[in-house]
Amino acid sequence: YRTESVFLLSFLVNCVTHALCDTVRTGVSSLKAHIRFQHCHECPFSCHLCERSFKNANDLHKHVKTHNDSDAYSCDVEGCGFTSRTLQTLRQHYKRV
């Protein structure tokens, strides 16, 4: 119980609030990341294979994998035949099947 109180107190002392949307973050760097991803429309990471661009390198990396010619993921349901280039799309398919 005491540990939780100390943690909560340190959180409240160190938190920063964004004036535009009242989001509370644990520090200035976290607030800057929030502003960049939620309020800025700049997408500096561009795909070299198409016209799409992204806010961070990780999203670009995941996107570039979709340009792969082979379908790396396939549905295990008998008779389905669904294939996908990304694991996320296959998971979405499983939710619908």
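**Exercise 1. Place Lys62 and classify its exposure.**

Lys62 lies in helix 3. The model is predicted: local features need pLDDT of at least 70, side-chain atom pairs count only at pLDDT 80 or more, and totals for chains, interfaces and linings use all residues. Residues are numbered from 1 along each chain as its sequence is written, and side-chain values use heavy atoms, with hydrogens and water left out.

Step 1. Fix the terms. Helices (H or I, at least four residues) and strands (E, at least two) are DSSP runs, numbered from the N terminus. Buried means under 20% relative accessible area, exposed means over 50%, and partly exposed is in between (1.4 Å probe, protein chains only).

Step 2. Take the value. Lys62 has 45% relative accessibility, so Lys62 counts as partly exposed.

**Exercise 2. Find the salt-bridge partner of Lys62.**

Step 1. Apply the criterion: a side-chain nitrogen of Lys or Arg within 4 Å of a carboxyl oxygen of Asp or Glu.

Step 2. Search the whole structure. One salt bridge turns up.

Step 3. Name the pair. The side chains of Lys62 and Asp59 meet at 3.6 Å, N to O.

Step 4. Locate the pair. Both residues lie in helix 3, three residues apart, about one turn of the helix.

Step 5. Check the partner's exposure. Asp59 is at 30% relative accessibility, so Asp59 counts as partly exposed.

**Exercise 3. Set out the overall layout of the protein.**

Step 1. Count the elements. The protein has four helices and six strands.

Step 2. Read them along the sequence. The pattern is α-β-β-α-β-β-α-β-β-α.

Step 3. Look at burial. Of the 97 residues, 15% are buried.

Step 4. Look at contacts (heavy atoms within 4.5 Å). Among contacts with a separation of 6 or more, 0% join residues 24 or more positions apart.

Step 5. Look at the surface (Shrake-Rupley method, 1.4 Å probe; for residues, only the protein chains shown count as cover). The accessible surface comes to about 7,900 Å². Carbon and sulfur atoms hold 53% of that surface.

**Exercise 4. Describe the largest pocket and its lining.**

Step 1. Define a pocket. On a 1 Å grid over the protein atoms alone, a pocket is an open set of points where a 1.4 Å probe fits, with protein on both sides within 12 Å along at least five of seven lines. Lining residues have an atom within 4 Å of a point.

Step 2. Give the volume, the space filled by probe spheres set on the points. The largest pocket has about 290 Å³.

Step 3. List the residues nearest the centre. The lining holds 13 residues, and Lys62, His63, Thr66, Thr86 and Gln88 lie nearest the centre.

Step 4. Trace the lining to its helices. Helix 3 (57-64) and helix 4 (87-96) each supply at least two residues. Helix 3 gives the largest share, five residues.

Step 5. Inspect Thr86. Thr86 sits in the loop between strand 6 and helix 4. Thr86 is buried, at 18% relative accessible area. Leaving aside neighbours within four places in sequence, Thr86 is in contact with Thr66 and Tyr73.

Step 6. Relate Thr86 to Lys62. The two are 24 residues apart in sequence and 8.4 Å apart in space, C-alpha to C-alpha.

**Exercise 5. Is Cys47 buried or exposed, and which residues does it contact?**

Step 1. Locate Cys47. The residue is in the loop between strand 3 (45-46) and strand 4 (53-54).

Step 2. Classify. At 6% relative accessibility, Cys47 is buried.

Step 3. List the contacts. Leaving aside neighbours within four places in sequence, Cys47 is in contact with Arg52, Leu60, His63, Val64 and His67.

Step 4. Add a distance. Cys47 and Val64 are 17 residues apart along the chain, and their C-alpha atoms are separated by 6.8 Å.

**Exercise 6. Set His34 beside Val28.**

Step 1. Locate both. His34 is found in helix 2 (residues 28-38). Val28 lies in helix 2 as well.

Step 2. Classify each. His34 is buried, with a relative accessible area of 7%. Val28 is exposed, at 51%.

Step 3. Find what His34 touches. Not counting residues up to four places away in sequence, the list is His18, Cys21, Thr23, Arg25 and His39.

Step 4. Relate Val28 to His18. They are ten residues apart in sequence and 9.8 Å apart in space, C-alpha to C-alpha.
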